[in-house]
Structures are given as C-alpha cells and as structure tokens.
Number of protein chains: 2
Amino acid sequence: LAGKLVALLDGGAPLSPPPVWMMRQAGRYLPEYRAVRDQAGSFLNLCFNPELAAEVTMQPIRRFGFDAAILFSDILVVPHALGQFVAFEAGEGPRLTPLHELGRLSALRDELHADVVGKVYEAVRLIRATLPPDVDLLGFCGAPWTVATYMVAGRGGDDQIAAKLMAAREPDMFASLIDRLVDASIIYLVEQLRAGVDAVQIFDTWAGTLDPASFERWVIAPLAKIVAGVRAKVPNARIIAFPKGGAQHIDKLVSQTAVNGFGLDWTADSKQVRVANRGRAVLQGNLDPITLIAGGKALDQAIDNVLDNFSGERLIFNLGHGIRPETPIEHVERMIARVRGT
Amino acid sequence: LAGKLVALLDGGAPLSPPPVWMMRQAGRYLPEYRAVRDQAGSFLNLCFNPELAAEVTMQPIRRFGFDAAILFSDILVVPHALGQFVAFEAGEGPRLTPLHELGRLSALRDELHADVVGKVYEAVRLIRATLPPDVDLLGFCGAPWTVATYMVAGRGGDDQIAAKLMAAREPDMFASLIDRLVDASIIYLVEQLRAGVDAVQIFDTWAGTLDPASFERWVIAPLAKIVAGVRAKVPNARIIAFPKGGAQHIDKLVSQTAVNGFGLDWTADSKQVRVANRGRAVLQGNLDPITLIAGGKALDQAIDNVLDNFSGERLIFNLGHGIRPETPIEHVERMIARVRGT
C-alpha cells in the first residue's frame, strides 16, 4: 500500500484532485511546531533529535491531512556531517566557517559522520512507522550547487558570489567540491530510502541564478550522477528535482537525468513547461507562497490558475517555494479544501 | 548621424562586432565617479545636479569608448517627483515613506514636480551636446511594477511581499498606483526624448518574481500602455524593455508592446529566446556581472558564449544586470577588447 505521490511517480495516470503537500510544511507558521522547537532549544537540536524531528514531521499530517510528509531536516546537514559545522543563529540564517578559512577541501571528512546522519535515518524509521501507509514519506537533500554556495561563502544571501568566483577562478577545486557533494548525496539519499522514505527530493534553491552553460555543468551533470548513483543501489528509486528558477531547462534536465518528478516555482510558464516536458516528469508546484499569505479571492484565483494550467497533467500540487512563517493557518486550510474541492 | 544602437533599433541588420555598453556603467567601480559623488555629497545631489550628472554619464564613454551612454539617474526619481521623497542611506539602499503611511495615493502629486524632473531633462541636454554624434544616448525609467514595489514597501529587498500583498488584497488601489506610474512614465520618457535621448530603456528589475498571470497584468499591460503613450507623442520612439528574469515571456511581451529592444539577464536560454522572438526585438545582454568580477579565462569563455549564442542576431552586447562596484576596471577593458576583437 502506498500513496498518491508514489502512484504518480511510478508512472500512474494524472489524479484529480491532485495530491497536495507543501514545502516547509513542518515549520514556524504552526504553533505546535514552535512549541517543540522551543522544547528542543534550537533548530539543530531539533534536526538531530529523532523523536522530535519525527513529531514535527507528523504535525502537518495530523492537522491538515496532506498526501505526503517530508522529513524534517535541513540541506546543511550534509556539510555539517562532513565536518564543516553549521550554526543557525536566530534571525540570521545559517553560518559556516567558509571553505577557504577551514583549510579547503582537505579539511572535510572523507565520509558523512555516522553519528550525525544516523539521527536522520532514525527519524525516518520513526516517521515511517507512525505515518499512515497511504501517506507518502519524502526524504531530501540539497543539490550540490546550492549546498556549495553555502559552504564556500559560509552563509546565504550574497547572490552566490563566492561560489561563482570559485567556480570561475579555481574550477578544479570547485569541481572537486561538487564531486564530493555528489558522492555524499548518493549515500545520504540511499540510506534515507533504505530507512523507509518513499521518494526523495533534491532541492536546488539557487539553480536559477546560473547562466545556461553553468546550469548544465553545476546543476544537470551532478544531478545525473546522483540519480545514477542512487539507482545503482536502489533500483527504481523515485527522485524529484527542484531546480528553483530553472524551469526553462526542463527538457535538458529530464532528458539527461531521468528524474521522476520536477518541481516548479511560481514563475514557470506552464505552457512552455508542458510542451518541453512531454509528460515525462511528474510536475510539482507551483503556487506563489506570498499568495498564500494574502488569502481571499486572490488566493482562490491563484489556486485555480495552477489547477487549470496543469489540467490533465501528472501534477502534485504544492507551493513554488517553502511556506513563510507569517502565513495564516486558515489560508492553508482554504487552499487544501479548494484543491480537493471539499 | 547616429550610432549603432539606433541603427539596430531602427531595424538595421545585425552588426559584427555588436555595439557594447554596460548597465550602471557610470558607477562606483570607477574612481573618477567616486570622486564626483564625494564632491556632490550624496547620490541624490548627484542625480539632481545636471552638470555633475552629465559629467559622470560621460566618464565611461571617455574611458572605455562605449557605443552608448546612459543618463545617470535613478528609477526612484519618479516617486520622488510625485512627492514620495526618497532618501539613499549609505550602504542601506533607498528609503521611502511606505505608501500606506504616506496617506495612500491621494498624498501623491498629480504631476511630476517640474523642479525635480527639470534637472534630469537639463542633464540630458548637457550630455547630448557633449557626446560624440555616433555615441547613442539612452534615457530610462523604472517600470511601474518595480517602482511600485519600492513605493509600497518603502524599501527594496523584501521579496516584493508588500506590493504582492497590496495587489492581492487591494487590487483596485494597486491598479490605480500602476496607472499613475504609467502616466508619469509616459511624460517622463517623452520629455527625455524631447531633450535629446536617442532611445529609452524601461527597467523592470523585479519582473521575474511574478507568476505568468501577474506578469501579464503588472508587466506587459502597463508596458504596452507606456509604449503607446510615448509613441503618440514621439512617433517611432525607440524603446528597450528589460524585464529581468522574464525572458520566457518574450513572445507575449514583444507581440503586445511592440518594443524595439528586449534586455536579457544571464539566465535566459538563448535558443528559446531566439525562437520566440523571431528576430523582432533587438536583443540586449547578457553576461553575468559576477563573471566580470572573476575575470580570466572564465570571463573570456562567458563572453564567447554570449557572442556565439546570439551570432547572426541583432545584438547589443551588455551585462545581464548592472556592473557591481567591486569589479576591476581591467576586466571591463578586457571585455570590450574581446567583444570588439581588438
């Protein structure tokens, strides 16, 4: 017994209504999440406490009845487990020692620290044991390009300058970093799948900041290696790519990686995407999260636009990026009811 | 006698090498610019001092021999001239009194303050009188959507949340604001053309943050009105649109606005853009400004990619966004030499 995402990702026909979940659905917009995070003391404590991570993963399932749960974790667990320790300062976003200060690649561990990632796999086992069988569980990791932007700069929010400069000035070093992340991502996703996730999503939040040649080199090529590497260990592993801002490259990406699903942000042109995709990847998205803050008729209209735009397509309804902390819970309820026609 | 941009925008054949200029070419990466800005005391003083604005506009022409000059000014001159006074705090970006605090639209002036925009037109006259006749002069304004994001939020850098929320919750009010900006932009561009600019560019920096339906409503429709309004007063006015992040909409935008040129940021897929454009608009762009910081072989390769990608096309070589202050001047020289094959 499995759920609707698995059915679609395994090649099933379009579903009407489409299954629905939300990126960052276990998060700060929920009072019950904030209570558990306060109990944990910090974001990282929460990520590395299997019981609490399982609890917050389950919260939006219990409250809203989403069709999928997604493991509560962070894309920076991988650099953390490679020895580039990550701190999350309140209101500041993540902070890492930038790679150059750390002593370059040689300072990283050869393998993911088992004590760190072991907590993640344990959380997966706990969640899968608790989750109803018809609710699919997604694991995830950050894509090499996006994770590298944090590792090189030591932080986010700088227009990815540091990573782009390293890629331009020290291309061999940057390629080595990407390769290290490819290898680590393969192991990390394989172990999540073995622990019980039904599919994995690879988040490439900063993919859309690259020119087309760089997109092929730093987004598509590493992704193709990850997909091949994961499926060498877990045949038919279900993989969703989310290269935010990269929908114009869907044809090339799907052709070269054979992912099962493709996440769209809200700026994607549905007609162009559908023509280029030719029904190959399940499409996931793509409501503007700010519309979900706004609510009202504008929200209803935006939801209807997504449903119309992807009518007859193998669609997983989602936001085009993570839900924001200031989003009213009633708007989430309104969205789910409208998608499901209830 | 006119220059190469005019030749292309008036329907001329592709030029090899293509004409070249840079967005924000009069700016902080130049020591002679910093000297004049220090003399002026502030960024706004510089914008509203015709002699100094003309001087900094000329600086990159004298130093690099670009094929076009662009009026030194700022897209927030329009809200300033409508009575929503703008302050530029060092290192902070622009600050305006948010529209709601200001007392909504009724607090704005009906017409652009002549004392304010008069300084801009005077700068245009001074520049055109100084500039060699074969160097084209560009005027500009911000597009209504992008200017509105600053007017509503009172600042930039917030993912355009405030403007999107107003558009969703108070659609009539937001539409009125956009209409006011359309009307003001028409007058502002017409007067710049009458003062001597050879073409105008409309900067829509935040166009790429909109979903396709919103892009049609807040980017394409206002732009179509501006183009029609300007050409009603100045027939055959040459107009370049730069909807950053909106290249996937080039077919619709060019069809509905009849602009002469279309600016591309570096993420645009050249093959898709060329197919969709069908040779109608002159294409302008699209080197990643961070590559220009990097320099070296990566810069050479990226320049060659742009030239190859748009080979045989009516191209104006440019960056995909403004040059950054930390860019070494030698990299600009290297870029120009490579584009020109000298």
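Analyst: Start with a term. Helices (H or I, at least four residues) and strands (E, at least two) are DSSP runs, numbered from the N terminus. This is a predicted model, where local features need pLDDT of at least 70, side-chain atom pairs count only at pLDDT 80 or more, and totals for chains, interfaces and linings use all residues. Residues are numbered from 1 along each chain as its sequence is written, chains are lettered from A and ligands numbered from 1 in the order in which they are written, and side-chain values use heavy atoms, with hydrogens and water left out.

User: Which helix gives the most to the lining of the second largest pocket?

Analyst: A pocket is an open set of points on a 1 Å grid over the protein atoms alone, where a 1.4 Å probe fits, with protein on both sides within 12 Å along at least five of seven lines; lining residues have an atom within 4 Å of a point. Here α11(B) gives the most, with seven residues. Chain B also supplies at least two from α9 (161–169). From chain A, α13 (270–277), β8 (282–287), α14 (289–294) and α15 (296–309) each supply at least two.

User: How much space lies in the second largest pocket, and which residues are closest to its centre?

Analyst: About 730 Å³. Of its 34 lining residues, A:Ala302, A:Asn305, B:Asp211, B:Ala213 and B:Ser214 are the closest to the centre.

User: How are chains A and B related?

Analyst: Two copies of a chain are related by a rotation about an axis and a shift along it. Superposition is by least squares on the C-alpha atoms of residues with pLDDT of at least 70 in both. Here a turn of 180° and a shift of 0.0 Å along the axis lay chain A on chain B, with an RMSD of 0.0 Å. The two copies are thus related as by a two-fold rotation axis. In chain A, A:Gln248 comes closest to that axis, at 3.7 Å (C-alpha).

User: Is B:Ser270 buried or exposed?

Analyst: Buried means under 20% relative accessible area, exposed over 50%, partly exposed in between (1.4 Å probe, protein chains only). B:Ser270 has 8%, so it is buried. B:Ser270 sits in helix α13 (residues 270–277) of chain B. Leaving aside residues up to four places away in sequence, B:Ser270 touches B:Asn309 and B:Phe310 (contact means heavy atoms within 4.5 Å).

User: How many disulfides are there over all chains?

Analyst: A disulfide is a pair of cysteine sulfur atoms within 2.5 Å. The count is zero over all chains. For A:Cys47, the nearest cysteine sulfur is that of A:Cys141, 14 Å away.

User: Why is A:Cys141 without a bond to A:Cys47?

Analyst: Because the sulfur of A:Cys141 is 14 Å from that of A:Cys47, its closest cysteine sulfur, which is too far for a bond. A:Cys141 is buried, at 2% relative accessibility. A:Cys47 is buried, at 2%.

Notes: Points joined across faces, edges and corners; volume = space filled by probe spheres on them.
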